[in-house]
Structures are given as structure tokens and as C-alpha cells.
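Let's take a walk through this protein together, one region at a time. Keep the sequence and the 3D view side by side as you read.

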Amino acid sequence: MDEFVMQIGDIEAFSLSGFMADETDKSIQKFTQAVFAKYKSLVVDAFPAFTSTTIRPLLHNIFQVLMKTAKDGVCSPPAVGENDVVDFRDLFLHAARSIDLLGSGKSPYGDLFQMLFNFVEEWTTKTNEKGLSMMNDMLISRMTDGGDMSWTGEVFSRDIDIALNGLNANIMIAIKDVKLVNMDTIGSPVRILLPVHGERSILNNSVSIGVGPDPLRVSLTLIVNGEGDQIQVNNEIELGLSLSSANLLLDLLAKMKATSLLNFPLRDITDINCWLSTIVLPVLDRYGIRVGEETMALEKIMMAVSEAKLDMTCISCSSPMLLEMSSFFESAEGVDDTTRVANMLLRYGSDLLAGDYIQNVIDKFLIEASAKCPHSQSYNPAFNGLQYEDLEARTDTESSYGFLWAILAVVISMIVLSSVIIIAAKYINHRRHAQWMRQLSRNQVSQLAEEEKHEKIRQQDIDLRMKSMFFSNESIPALVRFSMPIIILGNIALFLSGHLSLGGTVNISGQFGKLLCFKS
């Protein structure tokens, strides 16, 4: 194929909606419209070059394979079972590499996907003259303005009325002039859909951005204006966050049905719902919660950054503390704190994405995708989403006194055990003391008795000169003397009430094999 160029006449405007607040919806719509208006012409102009340099070699290789196959003879049907799950090691890799990763090496799905994977792997591992990924030159630079993106003007605005403990104020918060700089700093290699050693259904993906001397930087202008009875604030600040060597690692679990993949019709190749319908459907109960194993999941997510630097420039500031914060952020201590907080937030985001909530969303999405794919057996043209029952809160009528009696029994047992240990210790010490006394001479015993007599007289003198809290009329007020025991007893009562009252219950049920069942 000597030439292949595709041109786009027009792109339909896209939008994002469905957020909780109407004002947030409007802000997001305004932001997406600004993105579309600024980068529509750039994408349209860059698409012919993209198809000529990227798509054309891919199609050329496909045609070469098809022509060779046609010359050699008729393709043999794939040897896969009805319920077999795709082994990505055999799907994407040639025999030698598949065997190295403990695959079969038999290429039961043909070599078309192997050829596509080799092309993608070669493209994502190439480096440019800067030692970075060739994706920066072939994709990022062409889809952006030399690696930069910007949205001028206001992208978010919100007015907030505050009435709290006598503080009455109206605060306006706005964000404008958002910039994303140095997007063309993707490091090499980039891993996309790479099979994993010893795993048939897991694909590894990894990418690093902000590699090299130029970190990935996002900046915006923040406007905070407040006016009220006791407040007058007018601040316009340019905030910037620079990320050096931001890394993302994602292991994707996808149990894909072999027959669905091999019988995939070309007419639905651009339908994402049809690709998702090739995944084994999870079993959901009437509440929409998965029962059984995961069929598609974000198996492992790791995000980290080697250095995060926050900078702040005051365009117009009425708060002098902002100037001090700016100098702190630029210090070595400020950079270390910003890096630590950034990694903490990235770990929290990773845990959130790998958690049960996102997994439940993926499970439901797979069920709905199967109903939206035209060639799927579950296809329903009138499909309007699945409906699940609400989870029912289980009411426990059992009294918590049983738990309280158990606690009291434990406390009493501990007291009795402690008393026995103390009495035994005193008895043993008494015997040892008697044996030691028998080894002393008369003079040593007399001297020891005299020392004990002086110590006893000293303690009696202290007792006569000191008074207890209840009889300290001059130094401690009566209110404090008599209320302190009540306060201590009340504190103990609140402690016991807070720890012994039933705040929640956990009901556990399970079964081992077919013989043993338990519920609690």
C-alpha cells in the first residue's frame, strides 16, 4: 500500500453530563465546549498525516499477511472450545515468546493479532533523538500544540454564601486560563497490553510522563474574592504543579471468550460495547452485586511521582500570607512535602480505583454492554438500563446485654486472676524475706529494725502535716473537691457506654463444602 490518506470533513461536538449538581454540569459543559472549539481544527488537520504515517503501515502489513495466506492455502479453523478463555500470551506473542511466559506457543488464534501487537510494540518502544518515546513526535505533538494544551478564559465559577457563627460573607471562586505543558515528555518504553508471565488473562500496561529535564506541568489562575461583615478578600493567584517522572502501572484482568473474539464481525469493530461483550459475563444478584469470580478488573494499579513541585505567583493578592506560602513551596522542604502529599493522594486514588465500588461499576457495565451490542445474543434494541433492588438494612432484634454480660465476666475473671497472682507473689516474697532475715546477724537485724522505725516515724509525720483533698479547705475550693469524684465516675460511665453500646452489627454466613454451614 503506497498511499493511504483519510480526511475528516467535520467532527460532531461532544459533551459530558450526569453530574450531581447542575452548576457542576454547566461548568463541565462550558469546559468541553472550550476544548472542542480550540482543538477541533487541529485534530481535523492532523488526521490525514496520522493515517498516512501510522495507519498506512499497519494496513500494509495486514494485506501482506492476507495475500501470503491466500497463496499458501485455505486457513485452518481455530482449535478452541466453546467455553475457552483467550490466552493473551498465545494471542499476541509468537511461539518462542509465548513459551517463555509459560504459554502453549501453538498460536491457536492465528497470527493477525500477533502482527498487530508487534507493530504496536515496535511503535511504543522506539525513541527519538531526546531518548524519549517516539509517541511524542508521532501522536502527542500532532494532537496538541507542540506538546501543550491550553484553555483560555473562565472554565469554572461558583458563588458561595457563608453564614457561620456570626460570619456572613459572599465568596466567589473562579478558575481560568488552564494550561497543560510538556505533554510530549513520555518516556520509553511504553507498555500496552503486554502479556504477563504465568498469567493467561492479565495484561500489563505502564507509562511514564514528565521524563527528562522538562516536567509535566499544569497551571491555572485561581480567583478568590470575598466580601462580608468582617472579611474583605481579593486574591488572583497563578498556581502551578510540576510533576517529574510520573509513573502509572496497570495490570488489567480480562477473561475474554475465545469464540466471541474469533467470530467478531468487522461491521462492529468500532463499537466498544461489542468488544466488552466478548468478556465473560459476571453473575450479579438482584442487588447488582457480583456473585463469583471477577471477569474483568483493574487487578493492580500503582501511581507515583519522583518529584512534585508546587509554585504560586500572586497576580493581585490582598492576603500577605500568600507571599510567605510561595517562598515555602519553592524551598527544598516545601518540595519534599509536596512530593509526599502527591504520592499519598496517588496511592489513595489507586486504592479507590482498585476498590469494590469501581469493580461494581465495571461488572454492571459489562452486563449492559452485552445488551447494547448488535451481534450479541443478549442484544436488546429497546434496552434502557438494568434495574436492581435496593439493599435492605437488616434489623437485629437481639439484645446487647449478652455482650455486656460477657464483658463483665471477662473483667471479673481478670480481677480474680490478678488477685491470685498478687497474693501468690506476696507469699513468695514473704518466704524469701524470712529466709534472708535468718541469714543476718543480730547487729544487722537491729540496724534494719532501727531504719524501719525511722521510716515509719517519717511517714506518720507526713500524714499529720498533709491533708486529703476533701479536707483542704484553704487550697482547693469546695466545688472542685466534691465534684471531682462525680466527674471521674461520669467519665468512666461515658467510656463504658460508648464502648459497650451496640453501634453496628456484622452478620457472617458461610459454607465449607456441602457439610458444614455457619451463621453468626
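Ser107 sits in the loop that runs between α3 and α4. This is a predicted model, and in it Ser107 has a positive phi of about 50° although it is not a glycine. Most residues other than glycine have a negative phi. Ser107 counts as partly exposed because its relative accessibility is 26%, between the limits of 20% for buried and 50% for exposed.

The loop between α3 and α4 (112-125) also holds Leu102. Leu102, a residue other than glycine, has a positive phi too, near 70°. Is Leu102 buried or exposed? With a relative accessible area of 55%, Leu102 is exposed, because exposed means over 50%.

Step back into helix α3 (residues 95-100) and you meet Ser98. Its relative accessibility is 1%, so Ser98 counts as buried; the cut-off for buried is under 20%. Leaving aside residues up to four places away in sequence, Ser98 touches Arg89, Asp90 and Leu93 as well as Gly103, Ser104 and Gly105.

Now turn to the nonpolar interior. The largest nonpolar core has 21 residues, and those with the most contacts inside it are Val86, Phe88, Leu91, Phe92 and Met296. Several elements contribute to this core: α2 (88-92), β6 (232-254), α6 (258-262) and α10 each supply at least two of its residues. Which residues does Met296 touch, not counting those up to four places away in sequence? Its partners are Leu252, Leu253, Ala254, Leu276, Ile279, Gln359, Ile362, Asp363 and Leu366. A second core, separate from the one just described, has 15 residues, including Met134, Val155, Val178 and Met183.

Another place to visit is Asp148, in the loop between α5 (135-143) and β1 (149-164). At a relative accessible area of 29%, Asp148 is partly exposed. Asp148 and Val181 are 33 residues apart along the chain, yet their C-alpha atoms are separated by 4.5 Å. Apart from residues up to four places away in sequence, Asp148 touches Val181 along with Tyr39, Leu180 and Asn182.

Follow the chain onward to the loop between β2 (167-181) and β3 (191-196), where Pro189 is found. Ser188 and Pro189 are joined by a cis peptide bond, with omega about 5°. Most peptide bonds are trans.

Next come the disulfides. A disulfide is a covalent bond between the sulfur atoms of two cysteines. How many disulfides are there here? The count comes to two. One of them is formed by Cys274 and Cys373, whose sulfur atoms are 2.2 Å apart. Cys274 lies in helix α7 (residues 272-276) and Cys373 in the loop between α10 (356-372) and α11 (401-438), so this pair ties together parts that are 99 residues apart in sequence. The torsion about the S-S bond of Cys274 and Cys373 is about 105°, so this disulfide is right-handed. Both cysteines, Cys274 and Cys373, are buried.

Cys314 and Cys317 also form a disulfide, with 2.3 Å between their sulfur atoms. The link of Cys314 and Cys317 is left-handed, at -105° about the S-S bond. Cys314 counts as partly exposed at 25% relative accessibility, and Cys317 is partly exposed with a relative accessible area of 29%. Counting bonded cysteines along the chain, the disulfides follow the pattern 1-4, 2-3.

Our last stop is the second largest pocket, which holds about 420 Å³ of space. Its lining is made up of 15 residues, and Lys257, Thr259, Ser260, Ser277 and Gln377 lie nearest the centre of the pocket. What is the make-up of this lining, in nonpolar, polar and charged residues? The residues divide into two nonpolar, 11 polar and two charged.

Conventions
Residues are numbered from 1 along each chain as its sequence is written. This is a predicted model: local features need pLDDT of at least 70, side-chain atom pairs count only at pLDDT 80 or more; totals for chains, interfaces and linings use all residues. Side-chain values use heavy atoms; hydrogens and water are left out. On a 1 Å grid over the protein atoms alone, a cavity is a set of points where a 1.4 Å probe fits but cannot get out, and a pocket is an open set with protein on both sides within 12 Å along at least five of seven lines; lining residues have an atom within 4 Å of a point. Grid points are joined across faces, edges and corners, and a volume is the space filled by probe spheres set on the points. Ala, Val, Leu, Ile, Met, Phe, Trp, Tyr, Cys and Pro count as nonpolar, Asp, Glu, Lys and Arg as charged, and the others, Gly among them, as polar. Helices (H or I, at least four residues) and strands (E, at least two) are DSSP runs, numbered from the N terminus. Buried means under 20% relative accessible area, exposed over 50%, partly exposed in between (1.4 Å probe, protein chains only). Contact means heavy atoms within 4.5 Å. A disulfide is a pair of cysteine sulfur atoms within 2.5 Å. A nonpolar core is a set of buried Ala, Val, Leu, Ile, Met, Phe, Trp, Tyr and Cys residues joined through side-chain atoms within 4.5 Å.
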